[in-house]
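Please open the model in your viewer and keep the sequence panel beside it, as this tour moves from the whole chain to a few chosen places.

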Amino acid sequence: MGCAQSRQNEKSNMISCEIKYLLPELVQAIKLGQQCLYSEESPIKLTPIKEIGGIFCKLESLLPSGSVKMRAMYHMLYRLQQKKRHKGIEQLNLVICSSGNAAMACIECLKLMKQEKKQELQVDQTVSEFLQDDTPTDPGQSALIKDQQLSSKIKPYELLGQLFIFCKHLNELHQFSDLPNVKVINSQLNRSDTEIEAFKYAEDNGYDYLDLYNDVDVFGGYATIGFEIDQWQVLTKTKIDYVFVTLKSGALIAAIAFYLKYIAKNQLKVIGVMLYGSSRREQTICSQIIEGFIDEIMFVTTYEVEKAQCELAKAEEIAEFNSAIAYAGCKKTQYKNSLVVLSGSNVPVSDLSKLISKYE
């Protein structure tokens with residue numbers, strides 16, 4: 001394939017000298033990520049494509065925030081919360097640079113953590129009341145009633161802490177203005193300068209800046225996808241030879257590849273798919289890992305990605321543009337026994353309808 005940058009002649013276990021000292025920490029992050037998964041696994045579904053006998057899709061797009069970023073965000077916030085609690089701090093004050101999916105994932109995780117915190121407090125209170133009350137009662141029934149009362153009082157916008165979102169143009173799908181404890185700070189700077197601005201704001205105010213590119217806890221959250229793919233193959237007795245992942249910042253594909261190749265010792269090939277003309281962020285932990293574990297990098301056109309979006313929509317799977325890049329790459333290769341990680345579904349229905357009309 002002329003469109004691909006092949007790495008098949010390189011040894012998959014090659015690791016740069018710069019990353020070797022981080023291996024124990026990365027492995028530990030993955031183990032912790034497996035322990036604090038917040039929900040059921042995202043399903044793996046066979047999408048019918050006659051010419052290549054079907055493609056398996058891992059539907060990260062079905063997560064509560066509509067994108068894979070919720071995995072990484074929950075793990076990072078969970079670990080941060082544990083560190084804060086050791087210092088006697090319960091409130092999280094967070095700063096993030098994001099125009100949509102990462103900020104939405106953060107909000108969904110903070111909602112979930114607020115709910116978990118209330119349930120913990122309610123359980124403690126129920127136990128205390130039970131120990132002090134001499135009246136014969138059914139503690140199980142009492143706890144159930146209190147849990148129902150608790151759930152009815154939890155408002156969907158209650159967050160564990162406050163969040164400051166730095167962005168230039170907020171994605172139209174995500175409206176945060178009606179959320180208390182969430183403040184959107186519009187910046188006129190470019191992406192890299194906005195990140196610097198957000199980091200300085202966090203530093204000046206003593207808040208925690210959420211770095212989605214160099215935090216090993218983000219890596220640990222994403223790596224759980226590799227764990228689920230490996231386990232799914234064993235449980236369903238399905239052999240996957242190729243895994244396709246959109247290659248953008250590199251965090252997602254690096255974590256998946258690291259787990260499958262280094263932890264699980266799986267012999268499948270991991271292929272990164274990029275849009276022609278795009279570039280990926282360099283000088284990050286993930287970019288160093290990519291060099292050792294990605295078997296191939298290939299490129300697709302905007303036309304191919306939009307066609308892939310339409311095909312997925314007709315198969316009742318919604319994929320945003322970046323998510324469909326991986327699917328377009330898989331179609332282009334026509335490799336059999338392939339699995340595509342669909343990373344997000346946050347696309348306006350109106351835009352998708354126009355797209356389908358365009359290619360009909």
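The stops below begin with the overall chain, continue with a pair of helices and end with two loop residues.

Start with the whole protein chain of this predicted model, coloured by secondary structure, where twelve helices and eleven strands are assigned. Of the 360 residues, 51% are buried, and among contacts with a separation of 6 or more, 76% join residues 24 or more positions apart. If you switch on the surface, it comes to about 17800 Å², with 50% supplied by carbon and sulfur atoms.

Next, select residues 216–236, which form helix H7, together with residues 251–263, which form helix H8; their axes lie 7 Å apart at an angle of about 50 degrees. H7 and H8 are therefore oblique to each other, and their crossing is right-handed. Showing side chains here brings up the residues that make the contact, including Phe219, Tyr222 and Phe227 of H7 and Leu252, Phe258 and Tyr259 of H8. By class, this contact of H7 with H8 comprises 14 nonpolar residues, one polar and one charged.

From H8, follow the chain into the loop before strand E9 (269–275) and select Lys265, whose phi is positive, about 55 degrees, although this residue is not a glycine. Most residues other than glycine have a negative phi. Lys265 is exposed, with a relative accessible area of 53%.

Finally, move to the loop between helix H11 (321–333) and strand E11 (338–342), where Gln334 is found. Gln334, also not a glycine, has a positive phi of about 60 degrees, and with a relative accessible area of 43% it is partly exposed.

Methods: Residues numbered from 1 in each chain as written. Predicted model: local features only at pLDDT ≥ 70, side-chain atom pairs only at ≥ 80, totals over all residues. Heavy atoms only, no water. Helix = DSSP H or I, 4+ residues; strand = E, 2+ residues; numbered from the N terminus. Buried < 20%, exposed > 50% of the residue type's maximum accessible area, 1.4 Å probe, protein only. Contact = heavy atoms within 4.5 Å. Areas by Shrake-Rupley, 256 points an atom, 1.4 Å probe, with all protein chains shown as cover. Axes fitted to C-alpha atoms, helices over the stretch in contact; angles between N-to-C directions. Parallel < 35°, antiparallel > 145°, perpendicular 65-115°, else oblique. Left-handed = near helix turned anticlockwise from the far one by under 90°. Nonpolar A, V, L, I, M, F, W, Y, C, P; charged D, E, K, R; others polar.
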